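Reader: I would like to go through this chain with you, beginning with a single residue and ending with the overall build.

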Amino acid sequence: MFHSGTQEFLRVWSGLAEAGRIPFRRDLRPEALGVLLNRAFLAERGTETPMVALAGGWVERLHGDALMRRPWLDLWREEDRAPLADALFRLFREARPVVVAADAGQANGRLEITLAPLRGPHGAADRLIGLY
(Lines give C-alpha, C1' and ligand atoms only; values in the text may rest on other atoms or scores of the structure.)
Protein backbone atom coordinates (compact mmCIF):
# COMPACT_ATOMS: atom_id res chain seq x y z
CA MET A 1 0.00 0.00 0.00
CA PHE A 2 1.36 3.40 -0.96
CA HIS A 3 1.67 6.39 1.36
CA SER A 4 -1.51 8.53 1.43
CA GLY A 5 0.38 11.41 -0.23
CA THR A 6 1.42 9.10 -3.06
CA GLN A 7 -2.18 7.99 -3.50
CA GLU A 8 -3.39 11.60 -3.69
CA PHE A 9 -0.61 12.54 -6.14
CA LEU A 10 -1.58 9.60 -8.38
CA ARG A 11 -5.25 10.64 -8.20
CA VAL A 12 -4.39 14.19 -9.30
CA TRP A 13 -2.16 13.01 -12.19
CA SER A 14 -4.74 10.43 -13.31
CA GLY A 15 -7.37 13.15 -13.43
CA LEU A 16 -5.43 15.18 -15.98
CA ALA A 17 -6.52 15.22 -19.61
CA GLU A 18 -4.72 12.50 -21.57
CA ALA A 19 -3.54 10.77 -18.39
CA GLY A 20 -3.67 7.46 -20.30
CA ARG A 21 -0.99 8.97 -22.49
CA ILE A 22 1.23 11.77 -21.24
CA PRO A 23 -0.64 14.92 -20.17
CA PHE A 24 0.54 18.46 -20.79
CA ARG A 25 2.22 20.38 -17.97
CA ARG A 26 -0.23 23.24 -18.61
CA ASP A 27 -3.10 20.96 -17.51
CA LEU A 28 -1.64 20.49 -14.04
CA ARG A 29 -2.74 23.24 -11.68
CA PRO A 30 -0.22 23.40 -8.80
CA GLU A 31 -3.01 24.14 -6.32
CA ALA A 32 -4.54 20.75 -7.16
CA LEU A 33 -1.68 19.21 -5.17
CA GLY A 34 -2.65 21.21 -2.08
CA VAL A 35 -0.40 20.43 0.91
CA LEU A 36 1.61 17.99 -1.25
CA LEU A 37 3.11 20.88 -3.21
CA ASN A 38 5.76 21.36 -0.52
CA ARG A 39 7.06 17.82 -1.25
CA ALA A 40 6.83 18.06 -5.06
CA PHE A 41 9.33 18.96 -7.75
CA LEU A 42 9.27 19.60 -11.48
CA ALA A 43 12.17 18.66 -13.73
CA GLU A 44 12.94 19.04 -17.41
CA ARG A 45 14.63 16.27 -19.34
CA GLY A 46 18.17 17.14 -20.29
CA THR A 47 20.54 15.20 -22.48
CA GLU A 48 21.51 12.79 -19.69
CA THR A 49 19.42 13.53 -16.62
CA PRO A 50 16.44 15.70 -15.79
CA MET A 51 17.33 19.11 -14.40
CA VAL A 52 15.27 20.43 -11.50
CA ALA A 53 13.15 23.39 -12.56
CA LEU A 54 11.14 23.86 -9.34
CA ALA A 55 11.16 22.21 -5.94
CA GLY A 56 9.01 22.55 -2.85
CA GLY A 57 10.52 23.80 0.38
CA TRP A 58 10.47 20.39 2.04
CA VAL A 59 12.38 18.88 -0.89
CA GLU A 60 15.04 21.61 -0.80
CA ARG A 61 15.44 21.29 2.98
CA LEU A 62 15.87 17.53 2.61
CA HIS A 63 18.67 18.00 0.08
CA GLY A 64 20.13 20.93 2.02
CA ASP A 65 20.25 23.43 -0.85
CA ALA A 66 18.35 25.23 -3.59
CA LEU A 67 17.85 22.73 -6.41
CA MET A 68 17.02 24.81 -9.47
CA ARG A 69 19.12 23.73 -12.49
CA ARG A 70 20.68 20.82 -10.59
CA PRO A 71 20.72 17.33 -12.13
CA TRP A 72 18.04 15.40 -10.27
CA LEU A 73 19.85 12.05 -10.30
CA ASP A 74 22.91 13.65 -8.67
CA LEU A 75 20.85 14.29 -5.54
CA TRP A 76 20.71 10.59 -4.69
CA ARG A 77 23.17 8.06 -3.36
CA GLU A 78 25.28 6.43 -6.04
CA GLU A 79 23.72 3.00 -5.54
CA ASP A 80 20.20 4.42 -6.11
CA ARG A 81 20.96 6.33 -9.31
CA ALA A 82 20.72 3.38 -11.72
CA PRO A 83 17.30 2.23 -10.45
CA LEU A 84 16.09 5.85 -10.52
CA ALA A 85 17.37 6.29 -14.09
CA ASP A 86 15.52 3.10 -15.04
CA ALA A 87 12.34 4.46 -13.44
CA LEU A 88 12.70 7.67 -15.47
CA PHE A 89 13.07 5.66 -18.67
CA ARG A 90 10.02 3.53 -17.83
CA LEU A 91 7.72 6.42 -16.94
CA PHE A 92 8.22 8.04 -20.34
CA ARG A 93 8.19 4.77 -22.29
CA GLU A 94 5.08 3.47 -20.56
CA ALA A 95 3.39 6.89 -20.23
CA ARG A 96 2.49 6.31 -16.60
CA PRO A 97 3.71 7.16 -13.10
CA VAL A 98 6.19 4.95 -11.29
CA VAL A 99 6.90 4.67 -7.57
CA VAL A 100 10.43 3.95 -6.37
CA ALA A 101 12.38 4.04 -3.11
CA ALA A 102 15.70 5.81 -2.73
CA ASP A 103 17.99 7.35 -0.13
CA ALA A 104 19.04 10.97 -0.44
CA GLY A 105 21.77 10.57 2.13
CA GLN A 106 20.49 13.38 4.35
CA ALA A 107 17.21 11.53 4.93
CA ASN A 108 16.92 9.13 7.79
CA GLY A 109 15.92 6.09 5.75
CA ARG A 110 14.51 5.42 2.31
CA LEU A 111 11.95 7.68 0.72
CA GLU A 112 8.98 6.71 -1.42
CA ILE A 113 9.24 8.80 -4.59
CA THR A 114 6.49 9.01 -7.18
CA LEU A 115 7.42 10.20 -10.67
CA ALA A 116 5.00 11.05 -13.48
CA PRO A 117 5.62 12.23 -17.06
CA LEU A 118 4.37 15.49 -18.55
CA ARG A 119 4.51 17.13 -21.98
CA GLY A 120 5.99 20.57 -22.50
CA PRO A 121 4.44 23.41 -24.51
CA HIS A 122 5.50 21.94 -27.86
CA GLY A 123 4.04 18.49 -27.18
CA ALA A 124 7.30 16.69 -26.40
CA ALA A 125 7.35 14.44 -23.32
CA ASP A 126 10.16 16.43 -21.75
CA ARG A 127 9.03 17.11 -18.22
CA LEU A 128 8.31 15.15 -15.10
CA ILE A 129 6.69 15.88 -11.83
CA GLY A 130 7.63 14.05 -8.70
CA LEU A 131 6.58 13.73 -5.11
CA TYR A 132 8.69 12.69 -2.14
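Reader: Leaving aside its neighbours within four places in sequence, which residues is Leu36 in contact with?

Author: This is a predicted model, in which local features need pLDDT of at least 70 and side-chain atom pairs count only at pLDDT 80 or more, while totals for chains, interfaces and linings use all residues. Residues are numbered from 1 along each chain as its sequence is written, and side-chain values use heavy atoms, with hydrogens and water left out. Leu36 sits in the loop between helix H1 (4-14) and S1, where helices (H or I, at least four residues) and strands (E, at least two) are DSSP runs numbered from the N terminus. With contact meaning heavy atoms within 4.5 Å, the partners of Leu36 beyond four places in sequence are Gly5, Glu8, Phe9 and Leu131.

Reader: Is Leu36 buried or exposed?

Author: The terms rest on relative accessible area, with buried under 20%, exposed over 50% and partly exposed in between (1.4 Å probe, protein chains only). Leu36 has a relative accessible area of 7%, and therefore Leu36 is buried.

Reader: Which element supplies the largest share of the largest nonpolar core?

Author: A nonpolar core is a set of buried Ala, Val, Leu, Ile, Met, Phe, Trp, Tyr and Cys residues joined through side-chain atoms within 4.5 Å. The largest one has 26 residues, and those with the most contacts inside it are Trp72, Trp76, Ile113, Leu115 and Tyr132. At least two residues of this core come from each of strand S1 (40-44), helix H2 (57-63), helix H3 (78-94), strand S3 (98-102) and strand S4 (111-118). The largest share, five residues, comes from H3.

Reader: Not counting residues up to four places away in sequence, what does Ile113 touch?

Author: Ile113 is one of the residues with the most contacts inside the largest core. Its partners farther than four places away in sequence are Trp72, Trp76, Val98, Val99, Val100, Ala102, Leu131 and Tyr132.

Reader: In what order do the elements of the chain run from the N terminus on?

Author: The chain has three helices and five strands. Read from the N terminus on, the order of these elements is α-β-β-α-α-β-β-β.

Reader: What is the radius of gyration of the chain?

Author: The radius is taken over C-alpha atoms, and the globule rule is 2.2 Å times the number of residues to the power 0.38. For 132 residues that rule gives 14 Å, and the chain comes close to this, so it is as compact as a globular protein of that length, with a radius of gyration of 14 Å.
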